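Please work through the following exercises with the model open beside you, and try each task before reading its solution.

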Amino acid sequence: MPTLDVPSADVSHNAFYSKYKSGWWDLNSVMRPLIQLNQLDLEYIKGVLIEKDIVKGYEGFQFRDKLRILDVGCGGGHLTECLARAGGDVYGIDVNSDILEAAKDHLSLDPCLKNVIYQWDSIENHCVRNAEKYDIVIANNVLHHVKNHDVFVKSCVKAVKPGGLLFFSSVSKTFESWLRMIVVGQTITRTFPYDTFHWDKFVNDLDVEKMLQEAGCKTEGSRGIYYDIFSAYWRWNNNTNTMYIMHATKPT
């Protein structure tokens with residue numbers, strides 16, 4: 001896999017996903033938990049956009065205006081395509097060129113979906129050329145795969161317009177997350193492929209909130225998530241000890 005030399009990307013670990021590119025959209029593959037998690041995260045994102053009157057409807061939600069959206073670490077394009085179908089002009093970037101090929105292949109199955117652009121790029125490079133270009137920037141389940149959280153978060157902030165929205169979701173750095181995600185999910189039940197998660201890269205939502213605050217942004221909300229091994233599905237949690245999704249705004 002070709003590599004990008006950027007400070008936040010753990011390129012060697014990111015290459016781990018290349019071997020799963022053929023099953024990225026397959027609910028019967030090892031990617032099933034990720035597909036399900038993206039669906040839950042999308043539920044949160046839609047709720048925020050509806051509350052702010054940016055979209056209309058819920059099941060078949062549509063943006064009221066033509067917005068530019070950046071999907072950072074887009075992977076195979078799960079969120080990218082959903083947001084494009086809602087009427088946004090969506091740009092998906094990822095440092096893994098193999099996964100981007102899977103995203104492009106799946107996109108080609110729907111010739112009507114012309115408002116998606118995929119690019120092999122890092123957020124550090126992209127934000128320099130596209131400063132304050134996007135209405136919404138999303139980094140979904142990406143932070144726990146990067147080496148430098150601060151650089152990554154502040155690069156995302158640089159790419160969003162004043163008054164724009166940012167969404168982040170990740171795994172908390174707690175004993176509970178280590179137990180649930182690594183010991184149980186990755187080692188005992190093998191729900192997640194071995195080496196999916198590295199505890200040293202986990203980051204708490206309060207730490208992300210501090211990074212956003214240092215960049216001048218205000219965190220407006222968050223919600224906890226955990227994986228229920230009995231139902232084999234992700235569920236909302238009343239705390240953020242395992243995983244979370246959060247959103248913030250950049251001041252005008």
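**Exercise 1: the packing of helix α7**

In this predicted model, the buried residues of α7 pack against β7 (160-171), β9 (233-237) and β10 (243-249). Determine which residues of α7 are buried, and how they are arranged around the axis.

Solution. Begin with the burial criterion, a relative accessible area under 20%; in α7, the buried residues are Ser177, Met181, Ile182, Gly185 and Gln186. Because these residues cover an arc of only 115° around the axis, they are on the same side of α7. Turning next to the face directed away from that buried side, one finds the exposed residues Phe175 and Ile188.

**Exercise 2: the span of helix α7**

Compare the span of helix α7 (residues 175-188) with that of a straight helix of 14 residues.

Solution. At 1.5 Å a residue, the straight helix would span 20 Å, whereas the end C-alpha atoms of α7 are separated by only 16 Å. Continuing just past α7, one reaches Arg190, which takes a positive phi of about 60°.

**Exercise 3: a nonpolar patch**

Establish which residues make the nonpolar surface patch of about 410 Å², and classify Trp199 as buried, partly exposed or exposed.

Solution. The patch is made by Phe175, Trp178, Leu179 and Trp199, of which Trp199 lies in the loop between α7 and α8 (205-214). Since its relative accessible area is 34%, Trp199 is partly exposed.

**Exercise 4: Gln36**

Decide whether Gln36 is buried or exposed, and identify its contacts beyond four places in sequence.

Solution. Gln36, placed in helix α2 (residues 32-51), counts as buried because its relative accessibility is 4%. Once neighbours within four places in sequence are set aside, Gln36 is in contact with Tyr227, Ala232, Tyr233 and Trp234.

Note on methods: Residues numbered from 1 in each chain as written. Predicted model: local features only at pLDDT ≥ 70, side-chain atom pairs only at ≥ 80, totals over all residues. Heavy atoms only, no water. Helix = DSSP H or I, 4+ residues; strand = E, 2+ residues; numbered from the N terminus. Buried < 20%, exposed > 50% of the residue type's maximum accessible area, 1.4 Å probe, protein only. Contact = heavy atoms within 4.5 Å. Expected span 1.5 Å × (residues − 1). Arc of directions from axis to C-beta. Patch = residues over 30% accessible without salt bridge, like charges linked within 9 Å, V, L, I, M, F, W, Y side chains within 5 Å. Areas by Shrake-Rupley, 256 points an atom, 1.4 Å probe, with all protein chains shown as cover. Salt bridge = Lys/Arg side-chain N within 4 Å of Asp/Glu carboxyl O.
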